[in-house]
Amino acid sequence: MKSLVALLVLVALALIPSSHSCGSCPSPSPCHSCPSGWIRWQSNCYKYHSEPKLNFDDAEALCSEFVPFQETCSCQTAHLASIESAEENTFLLEEWRKVRGPTSSTKRIHIGYTDQAEEGNWQWVDGSSCTYTNWDSVSNEPNNSGGNEDCGVMWNEHNDNGDWNDGPCSYLNPFFCKFRLY
């Protein structure tokens with residue numbers, strides 16, 4: 001009898017209208033454009049954050065606060081940018097050049113690549129596949145210099161071609177957030 005009452009309560013709760021939260025969405029609605037302030041490239045939206053400069057974990061947390069199109073039940077969140085191809089790397093490098101300007105002292109930006117969970121096992125924070133990398137070969141990256149370099153950055157230390165470096169996650173850097181359009 002208690003099981004039947006519990007089941008009836010669950011059914012009744014399910015019938016009560018609720019606001020659109022990720023748990024209550026029947027299915028994501030298709031979204032084909034980026035919100036204001038975001039830049040579209042292929043099927044993704046990006047937003048550059050130059051201030052405040054944040055450490056890796058705080059930058060990821062800020063990106064993850066953004067739930068695009070929540071009112072239409074697209075309940076995925078943004079993350080620090082993953083880079084899945086040379087073309088996407090070039091796109092982000094070009095966008096970074098535009099926003100930082102020619103006289104900027106900014107040498108690096110966070111990307112969503114980390115081996116914090118297991119040294120040497122690099123993963124994208126958004127779960128993207130790890131099929132493309134662009135580690136700086138001049139510095140033999142990733143090299144875990146000092147034993148505490150667990151977060152990926154795009155940098156312009158040796159040149160300005162979008163190479164990556166592993167750096168301390170505590171460094172305060174600008175960053176790009178990214179989310180996929182449906």
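Tutor: Ground rule before we start: a residue is buried if its relative accessible area is under 20%. Also, this model is predicted.

Student: OK. Is Ile111 buried or exposed?

Tutor: Ile111 is buried, because its relative accessibility is 2% and the cut-off is under 20%.

Student: Where is the place of Ile111?

Tutor: Ile111 sits in strand S4.

Student: And what does Ile111 touch, not counting residues up to four places away in sequence?

Tutor: With those neighbors left out, Ile111 touches Phe56, Leu80, Ala81, Ile83, Trp124, Gly152, Val153, Met154 and Trp164.

Student: Take Phe56. How many residues apart in sequence are Ile111 and Phe56?

Tutor: They are 55 residues apart in sequence. In space, their C-alpha atoms are 8.4 Å apart.

Student: Phe56 is in H2, right there in the 56-64 stretch. Which residues of H2 are buried?

Tutor: Phe56, Ala59, Glu60 and Cys63.

Student: Why do the buried residues line one face of the helix?

Tutor: Look down the axis of H2: the buried residues fall within an arc of 100 degrees, so they line one face. The background is simple. An α-helix has 3.6 residues a turn, so residues three or four places apart point the same way.

Student: Which strands do the buried residues of H2 pack against?

Tutor: Strands S2 (44-54), S3 (79-80), S4 (108-114), S6 (151-155) and S8 (173-180). S4 is also the strand that holds Ile111.

Student: What happens at the start of H2?

Tutor: Asn55 is involved there. A side-chain oxygen of Asn55 comes to within 3.1 Å of the backbone nitrogen of Asp57.

Student: Switching to charges. How many salt bridges does the structure hold?

Tutor: The count is 9 salt bridges. As background, side chains of opposite charge can pair when their charged atoms come close.

Student: What does Glu84 form a salt bridge with?

Tutor: Arg180, with the closest N and O atoms 2.8 Å apart. This pair links distant parts of the chain, 96 residues apart: Glu84 is in the loop between S3 and helix H3 (86-100), and Arg180 is in strand S8. Glu84 is partly exposed at 26% relative accessibility. Arg180 is partly exposed too, with a relative accessible area of 31%.

Student: Arg180 forms a salt bridge with Asp126 as well. How many residues apart is that pair?

Tutor: That pair is 54 residues apart, with Asp126 in the loop between S5 and S6. The closest N and O atoms are 3.9 Å apart. Asp126 has a relative accessible area of 26%, which makes it partly exposed.

Student: Which residues do salt bridges that share partners join into one network?

Tutor: Glu84, Glu88, Asp126, Lys178 and Arg180.

Student: Now Glu51 and Lys53. What do their side chains meet in?

Tutor: A salt bridge, 3.3 Å from N to O. Glu51 is exposed, with a relative accessible area of 58%. Lys53 is partly exposed at 33%.

Student: Last one, Asn144. Where is its place?

Tutor: In the loop between strand S5 (123-124) and S6.

Student: Is Asn144 buried or exposed?

Tutor: Buried, because its relative accessibility is 19% and the limit is under 20%. Leaving out residues up to four places away in sequence, Asn144 touches Glu119, Glu149, Asp150 and Asp166.

How values were computed: Residues are numbered from 1 along each chain as its sequence is written. This is a predicted model: local features need pLDDT of at least 70, side-chain atom pairs count only at pLDDT 80 or more; totals for chains, interfaces and linings use all residues. Side-chain values use heavy atoms; hydrogens and water are left out. Buried means under 20% relative accessible area, exposed over 50%, partly exposed in between (1.4 Å probe, protein chains only). Helices (H or I, at least four residues) and strands (E, at least two) are DSSP runs, numbered from the N terminus. The arc is that of the directions from the helix axis to the C-beta atoms. Contact means heavy atoms within 4.5 Å. A polar contact is a pair of N or O atoms within 3.5 Å; within protein, one must be able to donate a hydrogen and the other to accept it, and residues adjacent in sequence count only if both atoms are side-chain atoms. A salt bridge is a side-chain nitrogen of Lys or Arg within 4 Å of a carboxyl oxygen of Asp or Glu.
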